[in-house]
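Reader: Before any label in this entry is accepted, the grounds for it should be set out. Please take the terms one at a time and show how each is reached.

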Amino acid sequence: MLWKTRLALLLFYCGGSCSWAREDRQQQQKNSASTGAPARADTHRAHAAEVLDFGYVPSVVYETHAYYEPGPIGLLFHMVHALLYAVQPNPFPKDLIVKLLQQNMGGIKPEELQKPENVVLTLQAIYYEIGFIVLAVLGFLFLILMPLVGFFFCMCRCCENCGGEMHQRHRKNADCQRGFYTASLIASSIFITAGVLVAYTANHNITTQIKSTRRLVSTNIRDLKSFANYTPAQIDYLTAQYTTAKNKVLSDLDNIGPLLGGRIHNQLEKEVVPALDNALRMTGAMRETKEALENVSTSLETLQDGTGKLQRSLQAERSSLSNTLNDPACSNGDVAHTCSTIRGTLSQLAISANFNGLPDVSPQLANLETVMKTDLSYIVQKGYSAFNDTPLMVREQTKGVVSRVKALLDKSGAEIIGFTKMFPVEPALENFTKFLSDGQKNIEAYYPQIDQLDFYRWIGCVVVCCMVVLILAFNILGLMCGSCGYDKNATPTTRGCMSNTGGNLLMAGVGFSFIFSWVLMGIVVTSFVAGGNTEKLVCEPLANRQLFKVIDTPFLVHPAKKNFLPGLLFQDPNLDLTLGSLYRDCYENNGIYAALKLENKFNFVKFINATAYNPELASILERVNVDLQGVTLLEQEGKDNLINFANTGLGEINYPGYLTEVNKGVTVVDLLSFANELEAQADNLPRGALGNALKGHASSIRQIHKEQVLPMEQAMSSLSQSITLLQTTSRELPTKVTNVLSAIDAAEYLIANNASQVVKQETGKYVRNLVSYFRQYTNWAQNSLMLEVAQCKPISNIIDSLEIIGCSFIIDSVNTFWFGLGGCCLFLIPSIIMSVKLAKFYRRMDTEDVFDDYPSYDTMTRYPRASAPPRQPDW
């Protein structure tokens, strides 16, 4: 029971210690809170949890390759398998074996054999074994009859019967008969030789493969040691990776401000930031309005001054031109008409727009300057800053929660570490490794005895083969001596010594055939029945895994115990654990935890969920609450500033009066056109002082246009643009200010009253992310525990190695041995017959047939009387 105790300790260690994977783990921080130019947060956080990288569990490479390729002898194995299939073509009798085991579990009692169910089972077993039974019966008949036939054959020959009479009758086809018997004996000898070679090859294969068993045993034990030695490192790695999940949770808790606060900020900024942006844009509107008012004031002053100067210049020019037209030269003929025409246009030299009557915008400008003494941009920036401080506010308000969560995680880690201290891991491993080492030494101690027993077995099989070889030797020597010493011209009584020796050797072979054949057949029948049934009932179902179905049949061992394997290992036969499932999982190199269904005893996932993420942690995280009522987007001073901006009196400006005047020209007539026309009319006058004077006036008018009219036109254009802008602003300003204030109020109301829903929603996502890190670890640990930790390939390798040693090395060789030896026994029968027949043609006879010169018609003529030859003195 020592090995059971050690195995149970190892399995308990593998299952229990797998739940140690609960320690602190590291993770990379993800912090992306950034403050933009207008002091607004621009955090872009993915709501999905980060995928953690737990790495790979340290793997172990096992040495054993439980695969056997027989090589050329495999052809003989296939021939034997084909013969056994012909003898026993029925499928594996799983149900029959189960019923037999269940019926005879309490022992076979003679009185129960008569029960109908037992009779039926017996008949079913006989039907399944009918092929082996028939061949075994034939073998036993051969075993019994061959000595009897040999005995009676010997007695008959001693009585000169059965070919014992030393007289050979003459036959016309004697040569044909001799040739037929020779060919038949040669063919039989060839088949016997082949059988001997097959038997010897199988015998030698057992010896050769027994040496290979040492390698299999050694590698299997080394694999088991590797299994025991690597498992602690794998479990340590599994438990150490708990630190990755824990550290990631701690990192997210340390960054709860940027993470949770950033998410809340991102949800609220859809309403808050546009309102603040609009308020910030109002500061630009104030600057533009002030610039427009200043421009209007400057332009108006410039136009008023220019209008007076221009009016005086035009009046002076008009008076001077009138005096020139009053010259006497203008009264002569055609000149008078031209002068009269020019005199009629003098009234056009006058100003058109009069800006002196327009009201000044100084009151509005003064009001706006008063409004702009308050720095609205700074106030809005304070709103941005207050809103962008949401992550910091969240961090400050959740300090208590974070500290409690950290303390709880530390407590869980301590509980996990305390749990791992409960299992005697090192002593269990040391005992198991010592058990393997002692077992290997004990097995190696038997190697000399196994070699000695195998040598004796090999000698015995060689002796058996030598029996056949002895018979073959007599047959071959008899054939050689008889064939070489045979003389066609010699009579039966005058055959030579070599021929006679050949016949005697053939008869010696017959004698040894009768002596050894029954011994050979006894060996063949015994090994056939044992080896054939082992192949059909053990090796074949083991190869196709049908044998596991028999062993794993529920309630096979005991009516109250469902499965024997969990009952043996865990004293719980009701667990859903079978030898077939264990072999299948280990063959796929899964972990021992999955192969032995240890979750029924040590539920790692349940433990890690209950320890690492317990209800107390959930309740703490669910109580996370963030209050944003202290966030002020726009102070009252800023709101008053916006209202005062709307009340600066922009609407009181006489925009129609301004637009009416700026739409007029500076002068009644275009001075350049007037000067050009005046100069053209002067050119039509005769050369003289009058024409030159008119041209001088045209030049003066152009100078007035250049120096006075053009600056006034530029001032009027600037005034027009500013007045238009002010008019538009005065019309839209109240609505814009109202909208900005309404948006600010709505955003502040959202933060103060409706942010709780956003906070609750984002807090839920944040908590789910924290939980997902533990979920990732538990899923990874469960998969690793099932597939990578303590991979149990050595267990399936042991079963496969036993199959290779027992079936491929031994049973296949034993079956091949009786296959070859049985063929020899079968071909000994024609060998005996042919040898007896052929010996007549080679042995020297005592008498021979004598024929008369004349034929007679009595019975003696047909069957002549035998007469002895005359004896010669020198014979």
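Author: A helix here is a DSSP run of H or I with at least four residues, and helices are numbered from the N terminus. The model is predicted. By this count the chain has 28 helices and three strands.

Reader: What makes the position of R545 a loop position, and between which helices does R545 lie?

Author: R545 lies between helix 16 and helix 17, and helix 17 covers 546-551. Helix 16 covers residues 497-543. R545 comes just after helix 16.

Reader: Why is R545 called partly exposed?

Author: Buried means under 20% relative accessible area and exposed means over 50%, with partly exposed in between. R545 has a relative accessibility of 26%, so R545 counts as partly exposed.

Reader: What backbone feature does R545 have although it is not a glycine?

Author: R545 has a positive phi of about 65 degrees. N589, also not a glycine, has a positive phi of about 60 degrees. N589 lies in the loop between helix 19 (579-587) and helix 20 (592-595). The relative accessible area of N589 is 22%, so N589 is partly exposed.

Reader: How do you know whether helix 16 reaches the span of a straight helix?

Author: The expected span is 1.5 Å times one less than the number of residues. For the 47 residues of helix 16 a straight helix would reach 69 Å, but the end C-alpha atoms are only 60 Å apart. Helix 16 also has a kink of about 40 degrees, centred on E535.

Reader: What does the corresponding comparison give for helix 27?

Author: Helix 27 (residues 793-842) has 50 residues and should span 74 Å; its end C-alpha atoms are 68 Å apart, which agrees. Helix 27 nevertheless bends by about 30 degrees at L828, and the proline P830 follows within four residues.

Reader: What makes helix 27 mostly covered?

Author: Of the 50 residues of helix 27, 37 are buried. For the chain of 875 residues, 46% count as buried.

Reader: Why are helix 2 and helix 16 called roughly perpendicular?

Author: Angles of 65 to 115 degrees count as roughly perpendicular. The axes of helix 2 (residues 74-87) and helix 16 cross at roughly 90 degrees and come within 11 Å. Helix 2 and helix 16 are therefore roughly perpendicular to each other.

Reader: Which residues meet where helix 2 and helix 16 are in contact?

Author: From helix 2 there are H81, L84, Y85 and V87; from helix 16 there are F528, G532, E535 and K536. By class, this contact of helix 2 with helix 16 has four nonpolar, two polar and two charged residues. E535, one of the residues on the helix 16 side, is also the centre of the kink in helix 16.

Reader: Why is R178 called buried?

Author: The cut-off for buried is under 20%. R178 has a relative accessible area of 16%, so R178 is buried. R178 is in helix 6 (residues 174-240). Leaving out residues up to four places away in sequence, R178 touches Y486, L838, F841 and Y842.

Reader: How do you know whether L671 is buried or exposed?

Author: L671 has a relative accessible area of 0%, and L671 is therefore buried. L671 is found in helix 25 (residues 671-684). Beyond its neighbours within four places in sequence, L671 is in contact with L314, L349, I701, I704, H705 and V709. L671 and H705 are 34 residues apart along the chain, and their C-alpha atoms are separated by 6.1 Å.

Reader: Why does M282 count as buried?

Author: At 6% relative accessibility, set against a cut-off of under 20%, M282 counts as buried. M282 lies in helix 8 (residues 256-325). Sequence neighbours up to four places away aside, M282 touches L376, L642, F645, L733, K736, V737 and V740. M282 and K736 are 454 residues apart in sequence, yet 8.6 Å apart in space, C-alpha to C-alpha.

Reader: What share of the chain's contacts, among residues at least 6 apart in sequence, join residues at least 24 apart?

Author: The share is 89%.

Notes
Residues numbered from 1 in each chain as written. Predicted model: local features only at pLDDT ≥ 70, side-chain atom pairs only at ≥ 80, totals over all residues. Heavy atoms only, no water. Helix = DSSP H or I, 4+ residues; strand = E, 2+ residues; numbered from the N terminus. Bend = angle between axes of the 7 residues up to and from the residue. Buried < 20%, exposed > 50% of the residue type's maximum accessible area, 1.4 Å probe, protein only. Axes fitted to C-alpha atoms, helices over the stretch in contact; angles between N-to-C directions. Parallel < 35°, antiparallel > 145°, perpendicular 65-115°, else oblique. Contact = heavy atoms within 4.5 Å. Nonpolar A, V, L, I, M, F, W, Y, C, P; charged D, E, K, R; others polar.
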